[in-house]
Amino acid sequence: RRKVILDTDPGVDDALAILLALRSPELDVVGITTICGNVPVGQATENLFRILSLVDPPRGLLIGQGAAAPLRRPLETATHVHGADGLGDLDQFTNQSGQPRYPRPVVPGRLPSAVETWERCMRTHGPNLTLITLGPLTNLAQALQRPAIVAKGFRSIIAMAGAIAVPGNVTRAAEFNVYVDPHAAEQVLQADLPLTLIPLDVTTKVTVSREAITKLTARARDPVGQFFADATGAALDFADRVEGAAVFPFHDPLAVAVAIDPALVQLVPLHVAVETEGPVALGATLADRRRLRREHQNRPNVQVALRVQADRARRLITERLCRT
Ligand code: BDR
Ligand code: CA
């Protein structure tokens, strides 16, 4: 089994990605760390505990709380997409006896930082872990200060981030995780890491409609299926209102799905840089796709998923989230 650490800013699709990872026999989730992004980091941590209360988390799972702010910019959240709590406003749901369906979780008062948690995971499980980042790259950029961790600890890093040959989703140029902390993303890209990007080019192909979610979750008998139906409502309303169709993209679940089955995507080695200054293109991930003679090319710094077997990925994700 592949030992993985998830770094996440839950977020509705993060929540589904975490649940997918925990339900996949191919993966052994040894650590989960939070990062500010969709919501402030304290809320992200509370959300993580709420998500874990839906399942039996693995024994010995290490949990940490990461950065509260991007490296140089003020935090911009995405609660207008994911709901005020980041999870589709879960307090609105009650069970038949009128009790909250998703009670507020107990959150430990003090948690180790993300980087401390990754170190602990490595002490317990050895190096060669896989890190899957589902939020802004601030924690990973901070870990670059401790080369022993990133140089030896991770055999592979899979990051849901960027938009290469498609428009962004926050601005015309930028994908959310890169836009929130472009400086971190640029440092990570230039750090010579075993990095795979899962950008919007592929995640926006793996979607599920409101009707499909209703059908899939109507048959689901466990709390995860119910959560899938409840938590996606606000994001579907947003998509309908703003984008003109009630469709939910499996951004973060696709990054986990690629750790489960790498053959789901086709990877292309590219040199990618991030715009960290410009007002229009802040957070754009610019791949060098010029035709140049070899000696004039930038050496690729990342493997980028540009094609996906969308139906197979969608099936893998939905079947594991909606057990009948
Ligand atoms: C990314 O942005 C966040 O809102 C989602 O959770 C995902 O990680 C998609 O751009
Ligand atoms: Ca996310």
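These are my notebook entries on a predicted model.

**Entry 1. The sheet**

I started with the strand order. The model holds an open sheet of eight strands, ordered 3-2-1-4-5-6-12-9, and the pairing is mixed. I then looked for the edges. Strand 3 (62-65) and strand 9 (265-270) are the edge strands, each pairing on one side only. I also checked the twist. Ignoring direction, neighbouring strands are turned by 25° against each other on average.

**Entry 2. Strands 1 and 2**

How many bridges join strand 1 to strand 2? I found seven, between residues 2-8 of strand 1 and residues 27-34 of strand 2. The two strands run parallel. For the register I took L6, whose bridge partner in strand 2 is I32. Helix 1 packs on the sheet here and touches strand 1 and strand 2. The direction of helix 1 makes about 165° with that of strand 1.

**Entry 3. Strand 5 and its neighbours**

Next I went to strand 5. On one side, strand 4 (residues 129-133) is joined to strand 5 by five bridges, and the pair is parallel. T133 stands opposite A159 there. On the strand 6 side I counted four bridges, again in a parallel pair. Strand 6 covers residues 195-198. M160 faces I198 in that strand.

Is strand 5 enclosed or open to the outside? Five of its seven residues (the strand spans 154-160) are buried, so strand 5 is largely enclosed by the rest of the structure.

**Entry 4. Helix 13 on the sheet**

I turned to helix 13 for its cover. Nine of its 10 residues are buried, so I noted the helix as mostly covered. The buried residues are H251, D252, P253, L254, A255, V256, A257, V258 and A259.

Which strands does helix 13 touch? My list reads strand 1, strand 2, strand 4, strand 5, strand 6, strand 9 and strand 12 (302-308). Helix 13 packs on the sheet, and its direction makes about 150° with that of strand 5.

**Entry 5. Helix 13 against helix 1**

I looked up the geometry of this pair. The axes of helix 1 (residues 12-22) and helix 13 come within 7 Å and cross at roughly 25°. That angle makes helix 1 roughly parallel to helix 13. The crossing is right-handed.

I listed the residues of the contact. Helix 1 brings D13, D14, L16, A17, L20 and A21. Helix 13 brings H251, D252, P253, A255, V256 and A257. By class I noted eight nonpolar, one polar and three charged residues.

**Entry 6. Helix 13 against helix 14**

Are helix 13 and helix 14 roughly parallel or roughly perpendicular? Helix 13 (residues 251-260) and helix 14 (residues 310-321) pack at an angle of about 100°. The two are therefore roughly perpendicular to each other. Their axes lie 10 Å apart.

From helix 13, P253, L254, A257 and I260 take part in the contact. They meet A313, L316 and I317 of helix 14. This contact has seven nonpolar residues, no polar ones and no charged ones. P253 and A257 also appear in my list for helix 1.

**Entry 7. Backbone checks**

I went through the backbone next. Most residues other than glycine have a negative phi, and most peptide bonds are trans.

Where is the cis peptide bond? I found it joining P10 and G11, with omega about 0°. G11 sits in the loop between strand 1 and helix 1.

Two positive phi values went into the notebook. D89 has phi near 55° and is not a glycine. D89 lies in the loop between helix 3 (79-82) and helix 4 (114-125). I recorded D89 as partly exposed, with 16 other C-beta atoms within 10 Å.

N128 has a positive phi as well, near 65°. Its loop runs between helix 4 and strand 4. N128 is partly exposed, with 13 other C-beta atoms within 10 Å.

**Entry 8. R172**

I ended with R172. This residue is placed in the loop between strand 5 and helix 7 (176-180). Is R172 buried or exposed? R172 has 11 C-beta neighbours inside 10 Å and therefore counts as exposed. I also looked up its separation from L54. The two are 118 residues apart along the chain, and 36 Å separates their C-alpha atoms.

Note on methods. Residues are numbered from 1 along each chain as its sequence is written. Chains are lettered from A and ligands numbered from 1 in the order in which they are written. This is a predicted model: local features need pLDDT of at least 70, side-chain atom pairs count only at pLDDT 80 or more; totals for chains, interfaces and linings use all residues. Axes are lines fitted to C-alpha atoms, for helices over the stretch in contact, and angles run from 0 to 180 degrees between N-to-C directions. Angles under 35 degrees count as roughly parallel, over 145 as roughly antiparallel, 65 to 115 as roughly perpendicular and the rest as oblique. Two residues are in contact if their C-beta atoms, placed from the backbone, lie within 7 Å. Ala, Val, Leu, Ile, Met, Phe, Trp, Tyr, Cys and Pro count as nonpolar, Asp, Glu, Lys and Arg as charged, and the others, Gly among them, as polar. A crossing is left-handed if the near helix is turned anticlockwise from the far one by less than a right angle, and right-handed if clockwise. A residue is buried if 20 or more other C-beta atoms lie within 10 Å of its own, exposed if 12 or fewer, and partly exposed in between; C-beta atoms are placed from the backbone. Two strands pair if DSSP finds at least two bridges between them.
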